[in-house]
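Take a look at the structure below. This report goes through its chains one at a time and then turns to where they meet.

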Amino acid sequence: MNAPGNELYGLLAKFSTPEALVEAARRTTRAGYRRVDAYTPFPVEGLYQALRLRSSPLPFVILAGGIAGALTGFLMQTFANVVDLPLNIGGRPLFSWPAYIPITFELTILFAAGAGILGLFYFTRFPEPYHPVFNVEDFQEHGSQDGFYLSVEAKDPRFDLVETRKFLEDLDAVMVAEIEA
Amino acid sequence: METSNEYPVLEPGQTYSSVTAQIADIPLTEPRQTPRGWILGFFIGLVIVMIFLYAVGNVFIRGVGLFGINIPVGWGFDIINFVWWIGIGHAGTLISAILLLLRQDWRTSINRFAEAMTLFAVANAAMFPILHLGRPWIFFYLIPYPNSMGLWPQFRSPLVWDVFAITTYATVSFLFWYMGLVPDLATMRDRAKKMWMKRLFGVLSFGWRSSARHWNHFQSVYFLMAALATPLVLSVHSIVGMDFAYGVVPGWHSTIFPPYFVAGAVFSGFAMVLTLMIPLRKAYHLEDFITQRHLDAMAKVMLAMGLIVGYGYLMENFMAYYGADPFEIFNARDRFIGAYAPLYWTLLFCNVVVIQLLWFKSVRSNNILLWIIALLVNVGMWLERFIIIVQSLSKDFIPSSWHLYSPTIWDISVLIGTIGLFLTLIFLFIRLLPAISIFEMRELVHEEAEATAQPSSD
């Protein structure tokens with residue numbers, strides 16, 4: 001638990017309801033704090049806006065994956081049937097593209113889903129087995145079950161241990177704890 | 001929240017921590033406190049798996065001659081079972097993906113289980129085409145890869161489409177299922193008492209810490225995966241339908257096959273979910289989460305799908321006569337009076353007649369009756385594939401080549417074996433992983449609390 005020097009990662013405030021957390025997050029970002037994150041045991045509506053998070057870029061990653069899959073599927077079949085292994089079957093056209101559609105479609109889905117998952121790993125930086133927030137005992141116990149938390153990092157330019165703590169307590173936090181790095 | 005329905009999606013009085021504890025503690029039960037019923041069920045499953053391994057081992061060593069297949073009935077139990085299992089899998093995707101997009105909140109407590117069912121059913125299904133190959137050790141010829149023969153698979157064939165459809169379906173189903181599991185695995189990590197369990201679940205959950213930034217990405221991918229899985233599930237069974245429709249065999253060569261197969265798949269899949277869910281909720285006292293509302297909704301979907309399937313039967317016969325092809329007419333008549341007529345009548349009874357009972361609310365709310373109906377639908381849908389495959393093939397164009405089919409002990413033991421494998425995997429799943437999506441249940445608790453306008457407290 002005790003890292004050398006007991007460096008501070010930030011402060012963690014606990015709230016009793018998701019609504020209280022959203023309100024607290026809104027006021028914290030309005031007060032100018034930027035390195036703020038929230039922890040909730042299920043996705044909470046309005047929290048992303050309150051934290052001023054950008055909307056996830058992953059839909060575009062998935063779109064790109066889908067396009068790549070469609071091109072791969074269609075071009076692979078065209079290459080196989082027209083260029084690499086042209087078979088004359090009863091004089092039927094080699095470039096019989098309607099018959100390529102099912103595989104093109106399947107690969108579109110496969111690549112899009114794969115891109116989504118890989119992108120999720122990239123943007124969430126998973127797997128990440130260690131994070132300072134786990135050093136807070138209350139978080140270990142309730143973080144993934146029934147606790148609603150807001151964290152402010154010490155790196156935030158506006159961060160001040162005493163003032164920020166007071167600020168968070170004034171937001172009706174149930175508890176405010178220091179996060180050791 | 002739908003308020004018009006009289007049954008609640010979630011019994012009142014549940015809180016975040018109570019749903020968490022009740023669901024997460026099933027997998028965390030001490031090994032010695034495993035319920036007796038589970039041990040018995042798992043043991044029965046394992047014994048059947050042994051039969052399966054013996055049968056499959058024999059088939060691999062001695063070849064497909066062990067099966068009852070002949071010329072012209074080259075597709076026997078293997079393809080019947082393949083279509084049956086893959087169809088069962090489809091309900092899982094339907095529940096988890098389509099109902100998510102339609103924002104049907106009753107899906108929440110059954111989606112995880114239904115997705116797991118999909119995975120195991122698809123795993124079973126995927127084995128059959130390989131078992132059915134004369135030379136299973138070169139199954140990879142189906143996959144396009146650079147090879148010294150300079151050959152490619154025949155991309156214009158629905159059988160090759162099937163390879164792509166099934167692999168994509170299995171992969172996407174797995175990713176979707178596991179993705180939904182990650183937040184719950186983190187909960188398991190935090191609830192586990194033993195260090196090795198904490199570590200195991202910690203590794204499996206990739207270090208999920210329920211951060212809002214992560215939820216933001218997670219949700220956008222989760223919805224898009226659902227949006228991708230929805231057309232996928234339709235395409236998979238359409239392609240399975242085309243495996244048949246592309247053939248000129250009377251009874252197969254029909255444009256109605258793709259949609260009719262999709263409806264049949266969903267029909268049998270919902271029947272299987274009900275077959276498993278009704279005993280499970282009883283055994284694990286999950287009546288608060290899997291309420292009468294769920295069973296009612298599933299029974300209604302089953303009825304709707306059954307009616308579409310019934311329409312399919314009607315159209316098949318109508319088109320046979322309307323098309324005026326003598327072979328098709330003969331085939332349609334042979335179903336009613338030929339060698340396999342008893343099976344055809346049984347399937348009509350199971351899939352068309354029995355489900356009419358589901359119009360009645362008293363039947364839908366009677367769990368035992370509902371379970372029996374679901375079981376009959378499972379049987380009926382298996383028979384449907386038997387009729388489509390065996391009856392159509394056994395009497396093709398020239399009477400001199402007609403040949404009836406009857407399964408051997410190997411056909412039967414492989415079929416029963418996969419049922420055992422399915423049960424074993426289901427038992428392992430409910431023992432080792434949270435069978436209900438915990439984080440989505442918390443969401444439901446939150447919504448309920450909001451709906452009743454009471455401050456949700458813990």
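In what order do the elements of chain A run from the N terminus on? The order is β-α-β-α-α-α-α-β-α-β. That gives chain A six helices and four strands. The radius of gyration of chain A is 25 Å, well over the 16 Å that the globule rule gives for 181 residues, so chain A is more spread out than a compact globule.

Keep in mind that this is a predicted model. How confident is the predictor in chain A? The average pLDDT of chain A is 89, and 97% of its residues score at least 70. Among the elements of chain A, helix H3 (residues 58–84) of chain A has the highest mean pLDDT, 95. Helix H5 (residues 137–142) of chain A has the lowest, 87. As a general caution, where pLDDT is low, the predicted coordinates should not be read in detail.

Chain A is divided into two parts: domain 1 (4–55 + 131–180) and domain 2 (58–124). Domain 1 of chain A is written as two stretches of sequence, 4–55 and 131–180. The centres of domain 1 of chain A and domain 2 of chain A are 44 Å apart, taken over C-alpha atoms.

Now for chain B. It has 15 helices and zero strands. Its radius of gyration is 23 Å, close to the 23 Å that the globule rule gives for 458 residues, so chain B is as compact as a globular protein of that length.

The table sets out some values for each chain.

| Chain | Span along principal axes | Buried residues | Contacts between residues 24 or more positions apart, out of those with a separation of 6 or more |
|---|---|---|---|
| Chain A | roughly 85 × 35 × 30 Å | 43% of 181 residues | 79% |
| Chain B | about 75 × 55 × 40 Å | 48% of 458 residues | 81% |

Next, the place where the chains touch. How many residues does each chain give to the contact? Chain A gives 54 residues and chain B gives 50 residues. On the side of chain B that touches chain A, the elements giving two or more residues are helix H1 (16–24), helix H5 (158–191), helix H7 (212–245) and helix H15 (438–451) of chain B. H7(B) supplies the largest share of that side, 16 residues. By class, the side of chain B that touches chain A has 25 nonpolar, 18 polar and seven charged residues.

What about the interior? In soluble globular proteins, nonpolar side chains tend to be buried together. Here the largest nonpolar core has 186 residues. B:Phe270, B:Val273 and B:Met302 have the most contacts inside this core. Domain 1 (4–55 + 131–180) and domain 2 (58–124) of chain A both give residues to this core, so the core lies between them. Look closely at B:Met302. Not counting residues up to four places away in sequence, B:Met302 touches B:Phe267, B:Phe270, B:Ala271, B:Ile355, B:Leu358 and B:Val377.

Finally, find B:Tyr7, in the segment before H1 of chain B. Is B:Tyr7 buried or partly exposed? A residue needs 20 or more other C-beta atoms within 10 Å to count as buried. B:Tyr7 has 14, so B:Tyr7 is partly exposed. Leaving aside its neighbours within four places in sequence, B:Tyr7 is in contact with B:Thr291, B:Gln292, B:Arg293 and B:Asp296. B:Phe422 lies 415 residues from B:Tyr7 in sequence. In space the two are 31 Å apart, C-alpha to C-alpha.

Conventions. Residues numbered from 1 in each chain as written. Chains lettered and ligands numbered in written order. Predicted model: local features only at pLDDT ≥ 70, side-chain atom pairs only at ≥ 80, totals over all residues. pLDDT = per-residue confidence, 0-100. Domains from an automatic or database assignment. Contact = placed C-beta atoms within 7 Å. Nonpolar A, V, L, I, M, F, W, Y, C, P; charged D, E, K, R; others polar. Core = buried A, V, L, I, M, F, W, Y, C linked by C-beta atoms within 7 Å. Buried ≥ 20, exposed ≤ 12 C-beta atoms within 10 Å, placed from the backbone. Rg over C-alpha atoms; globule rule 2.2 N^0.38 Å.
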